[in-house]
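Walk me through this structure, going from its sheets to the helices that pack on them. Please also say how far the model can be trusted.

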Amino acid sequence: MDLKQLRYFIAVAEELHFGRAAARLFISQPALSFDIKKLEEQLGIQLLVRNNKSVKLTNAGQVLLDEARSLLLQAEKVKRLTLLSAEGAVGQLRVGFVNSMLYRGLPRAMARFEAEQPNMEVLLMEMNTSEQALALQRGQIDIGFVHWARLPAGIASECLVADPFLCCVPAGHRLAGQARIDLAELRDEGFILFPRSLSPHYHDLIIARCVDAGFSPHIRHEARLWQTIAAMVGLGMGVALLPQTLCLAWKNQVRYLEIEQSGARSEIHAILAAQDAPHAARAFLATLKACLDEGVDTQSLIAP
């Protein structure tokens, strides 16, 4: 018994007339009669009672009609989902991300994407940049969002965010009332920074900003997360440089000051397989970029 036989049987069962069923199926009546008889022989039961004037379903035929309709609907669903899967429009999208993406539109993009693609589930996997590059090469993630883009061959990248750094100081700090500062004014302050082993890129970038301003920062404390650094600043334990977008989460606990000197920015790059990246990954990237284009009010973060 195959799907073609079931379609033929359904046509006859619904029309209760071999001639009309054959016309509906665009086949000859003898060919249709042969296939229905073959189906009955395969099952070893009579499905139809026919004579010169009428065609009726047997009890077994009625059961088969109900089940055959269900089977054909399921078969169409399987076909549709398979085609969608090949296009990356169904299944699970594995997204690598660095922690700061939680404050750069990622949750909003995930919610919007899943609403627009109800057959897709987004799985977030927090990893640092090096871990994401390796996971993408191994096929363990479909798209990633990283801090820098010096990546192995076979991985394509696109810069999505380039935030200036702001100086983060406690609310009661001597410089808290200023709108802008010369970074050199912090030469005697204790800094809070990532361990270099955790994030060499950001560690070196912030050190370089200070060196360019004429001093080597005194690293008083180390913390693993942006949130922890901001919280420690708020508790008066030191100062820090934070990307502008991330300042939004803690603007009531600490003060953020623009830095006079220009310099390297905090970047976020999307990474994908250079060849044959999943369609869903590209669609998710487009959704995230739309969320980023909507923007946030960063001006409210700067001290008056």
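Phe 145 stands opposite Ala 270 of strand β13. In this predicted model, Phe 145 faces its partner across an antiparallel pairing: β5 (residues 143-146) and β13 (residues 266-273) are joined over 3 bridges. Both strands belong to an open sheet of 5 strands, ordered β4-β3-β5-β13-β6, in which the pairing is mixed. At its edges are β4 (120-126) and β6 (155-163), each of which pairs on one side only. From one strand to the next, the twist averages 20°. Strands of a sheet pair through backbone hydrogen bonds, in either the parallel or the antiparallel sense.

A helix lies across this sheet. Helix α9 (residues 279-294) crosses β3 (91-97), β4, β5, β6 and β13, and runs at about 10° to β6.

There is also an open sheet of 4 strands, with the order β8-β12-β7-β11 and again mixed pairing. Its edge positions are taken by β8 (180-181) and β11 (240-243); each has a single partner strand, so one side of each is left without a neighbour in the sheet. Within this sheet, β7 (residues 165-170) and β12 (residues 254-259) run antiparallel and are joined by 4 bridges. Cys 168 stands opposite Tyr 256 in β12. Helix α7 (residues 200-212) packs on the sheet and touches β7, β11 and β12, its direction making about 85° with that of β7. Helix α8 (residues 226-234) also packs there, touching β7, β11 and β12, with its direction at about 135° to that of β11.

Close to the start of the chain is helix α1 (residues 3-15), whose 13 residues reach 18 Å from the first C-alpha to the last, close to the 18 Å expected at 1.5 Å a residue. Asp 2 caps the N-terminal end of α1, with a side-chain oxygen 3.2 Å from the backbone nitrogen of Lys 4. The buried residues of α1 are Gln 5, Leu 6, Tyr 8, Phe 9, Ile 10, Ala 11, Val 12 and Ala 13. Just after the helix, Leu 16 takes a positive phi of about 50°.

As for confidence, the protein averages a pLDDT of 88, and 93% of the residues score at least 70. Over residues 297-304, however, the pLDDT is below 50, and beyond near neighbours in sequence this stretch has 19 contacts in the model.

Notes. Residues are numbered from 1 along each chain as its sequence is written. This is a predicted model: local features need pLDDT of at least 70, side-chain atom pairs count only at pLDDT 80 or more; totals for chains, interfaces and linings use all residues. Side-chain values use heavy atoms; hydrogens and water are left out. Helices (H or I, at least four residues) and strands (E, at least two) are DSSP runs, numbered from the N terminus. The expected span of a helix is 1.5 Å times one less than its number of residues. Buried means under 20% relative accessible area, exposed over 50%, partly exposed in between (1.4 Å probe, protein chains only). A polar contact is a pair of N or O atoms within 3.5 Å; within protein, one must be able to donate a hydrogen and the other to accept it, and residues adjacent in sequence count only if both atoms are side-chain atoms. Two strands pair if DSSP finds at least two bridges between them. Axes are lines fitted to C-alpha atoms, for helices over the stretch in contact, and angles run from 0 to 180 degrees between N-to-C directions. Contact means heavy atoms within 4.5 Å. pLDDT is the predictor's confidence in each residue, from 0 to 100.
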